[in-house]
Amino acid sequence: MRQRERKNEVKQRAAEPSSMFSRCRVVGCGKPARAGTEDGLDTRFCRQHADHYSRHGSPYRRSFTAKELAPYRKAAVAWLEVKAQDQWVRNAVDRMETLYRAAGPHVEAFRLRGLSPEERAKAAWARLRKANIDPGRVVAAWIAVEIAIAADPQADRKPEYKRVQAAKLVHKMASGTHKRWETGPGGVQELHVYPRSRGRVLRHIGEDIEEATALLVEHATLPKLAISNDELEITNDRC
């Protein structure tokens, strides 16, 4: 009942556009913010940039592609292998394992409907645990994003962008739910469900990773890359 009342209240407010929000905050965008239309309550961005912000963690900067991140992920994995016994690396991996254990029971991807963003984030950690994803891979994902942003002069350097970029990598590791069963004369049936990679769920996952790796990032000298002629060189590899 309360949820329905809240939904109706939001709908009513969205239907009353305010002239105070006549411009999207993204430079060069001439569209009004959603609160200045009948399209929503966002006082900062138009629909296009609000969707972009939700998906990428920045209203104007796109996500790194898999190809762009590949050398940084390779460098991060190699660096972690060299530093496997370092106390800060072990601390980060241990804290990631704690996230796995504290995530609660495994929830199938098709049963996420109705859960809060925080609960969906925990479900992602539970999927990683069930899939036996090495926690070190999650730590490597954060390091890869750290050094990719440091190497990109045009990167959005706000913490939220970094969190979302790392969370998108980890969310892909968690994959989804896949089922296959025999149905008699109809043959084999398959079900593949993938959770959506956007919104507050990514923010929760990113914050979890950032907290788990905080001491490592604070105390370690992360690798830097010098890339030329498709060759990858790792430098500054000391803690």
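## Two helices that cross

Picture a helix axis as a line fitted to C-alpha atoms, taken over the stretch in contact, with angles between N-to-C directions running from 0 to 180 degrees. With that in mind, look at this predicted model and find helix α7 (residues 159–174) and helix α8 (residues 200–219). Their axes lie 7 Å apart, and the two helices pack at an angle of about 95 degrees. Angles of 65 to 115 degrees count as roughly perpendicular, so that's the label α7 and α8 get.

Who's doing the touching? On the α7 side, the contact is made by Glu-160, Arg-163, Val-164, Ala-166, Ala-167, Lys-168, Val-170 and His-171. From α8 come Leu-202, Arg-203, Ile-205, Gly-206, Glu-207, Ile-209 and Glu-210. Sort the residues of this contact by type and you get 7 nonpolar, 6 charged and 2 polar.

## Helix α2 joins in

Now jump back along the chain to helix α2, which covers residues 47–56. Its buried residues are His-49, Ala-50, Tyr-53, Ser-54 and His-56. And what do the buried residues of α2 pack against? They pack against α7 and α8, the pair we just met.

Right after α2 comes Gly-57. Check its backbone: phi is positive for Gly-57, near 85 degrees.

## The whole chain

Time to zoom out. The protein chain has 8 helices and 4 strands. Reading from the N terminus, the order is α-α-α-α-α-α-α-β-β-α-β-β.

There are 239 residues in the chain, and 39% of them count as buried. About 14400 Å² of the chain is exposed, with carbon and sulfur atoms supplying 48% of that area. How about links across the sequence? Take the contacts between residues at least 6 apart in sequence: 59% of them join residues at least 24 apart.

## How far to trust it

The average pLDDT of the chain is 81, and 72% of the residues score at least 70. Confidence is highest in helix α4 (residues 87–101), at a mean of 97. At the other end of the scale, strand β4 (residues 231–235) has the lowest confidence, with a mean of 43.

Two stretches deserve a careful eye. Over residues 9–19, pLDDT stays under 50, and the model has 15 contacts beyond four places in sequence for them. Over residues 227–239, pLDDT also stays under 50, this time with 33 such contacts. Where pLDDT is low, the predicted coordinates shouldn't be read in detail.

Terms used: Residues are numbered from 1 along each chain as its sequence is written. This is a predicted model: local features need pLDDT of at least 70, side-chain atom pairs count only at pLDDT 80 or more; totals for chains, interfaces and linings use all residues. Side-chain values use heavy atoms; hydrogens and water are left out. Angles under 35 degrees count as roughly parallel, over 145 as roughly antiparallel, 65 to 115 as roughly perpendicular and the rest as oblique. Contact means heavy atoms within 4.5 Å. Ala, Val, Leu, Ile, Met, Phe, Trp, Tyr, Cys and Pro count as nonpolar, Asp, Glu, Lys and Arg as charged, and the others, Gly among them, as polar. Buried means under 20% relative accessible area, exposed over 50%, partly exposed in between (1.4 Å probe, protein chains only). Accessible areas come from the Shrake-Rupley method with a 1.4 Å probe; for residues, only the protein chains shown count as cover. pLDDT is the predictor's confidence in each residue, from 0 to 100.
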